[in-house]
Amino acid sequence: MATADTAPAVPHAPPAQPRSSTPPAQRPTSAAVPEQPHSATLIGSVQRAMRLLETVAEHEYGAPAKQLARETGLALPTAYHLLRTLVHEGYLRRDKGLFFLGEAAERLGSSGAQQKRRSAVAAALAQWRDSIGVPVYYAMYRDGEIEVMCVSDTPSTPAVEEWADFRETGHAHAIGQCLLSQVDEDARRDHLDRYPVLPLTPYTVRDSQSLLRRLDRMRRMEPVTERQEYALGTVCAAIPITVGTTAATMALSLPAHQADRLLPAARQLQAEVGQHLGTLAISISI
């Protein structure tokens, strides 16, 4: 886009350059000193393109090039060149002489909104981490996979080290068991076909049938707990969250010597989440 806005209607001859006093033999060659682009031109081009995008965004029903040039204070040839470039790159689209935001610009907007939602979840997790004094996790079951979306911990309350892939070891940790308890039996069996039950510690569930029986016995909306099944020295609890058809969970972990705190902390987390679930309902579906 560095050349998109340099199309004046009437070409101008460049100003005369002072004659160099350096002998021809000592003048640097283009190979020795590569030509550098003029940074001011590059920045100016970006600034003008951004002004055009912002102005187009203000016109819900589109605007023609002449109007956009006038409102941005750009010369019409410059505006035409930038508009064509933005259309080519997908940031704008043209329909019957009017310019609208294109798919690329809309993707930027949706990415920004998604990041804002993630920030809302991260802020909530940090608040619960500090009020309860435990590391807090947020995870989802999406497209057949366990995805830990956000973790909030501190040096004094560190999260569990992921020494074995959380996606492949859902049978062994509270997050995975909680998520699998929320999906139907076909989805559970499909998951276990892809990620078979394997013993990670002496306390891990021994086989898929034992795990399926355990999942069937879990009561709806009750915290799911595991004690040293994923990692020795660690106990975990997860609470189920259902937003629409999305299976999700908030979870926490503690050192094994604090196991007596596990259920009270899980109940406190469940109460905190319940109070804010309405405002977080959209955000947690990130």
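**Pockets and an enclosed cavity in the predicted model**

The second largest pocket has a volume of about 180 Å³, a pocket being an open set of points on a 1 Å grid over the protein atoms alone, with protein on both sides within 12 Å along at least five of seven lines. The structure is a predicted model, in which local features need pLDDT of at least 70 and side-chain atom pairs count only at pLDDT 80 or more, whereas totals for chains, interfaces and linings use all residues. Residues are numbered from 1 along each chain as its sequence is written, and side-chain values use heavy atoms, without hydrogens and water.

The second largest pocket is lined by 15 residues (those with an atom within 4 Å of a point), and Thr157, Pro158, Ser253, Leu254 and Pro255 lie nearest its centre. Strand E7 (strands are DSSP runs of E, at least two residues, and helices runs of H or I, at least four, numbered from the N terminus) gives the most to this lining, with 3 residues.

The largest pocket holds about 260 Å³ of space, and among its 17 lining residues Ser181, Gln182, Val183, Arg220 and Thr242 lie nearest the centre. H5, E6 and E7 each contribute at least two residues to the lining of the largest pocket.

One cavity of 30 Å³ or more is found in the whole structure, a cavity being a set of points where a 1.4 Å probe fits but cannot get out. The largest cavity has a volume of about 90 Å³, and of its 13 lining residues Tyr137, Phe166, His173, Ile175 and Cys236 lie nearest its centre.

Conventions. Grid points are joined across faces, edges and corners, and a volume is the space filled by probe spheres set on the points.
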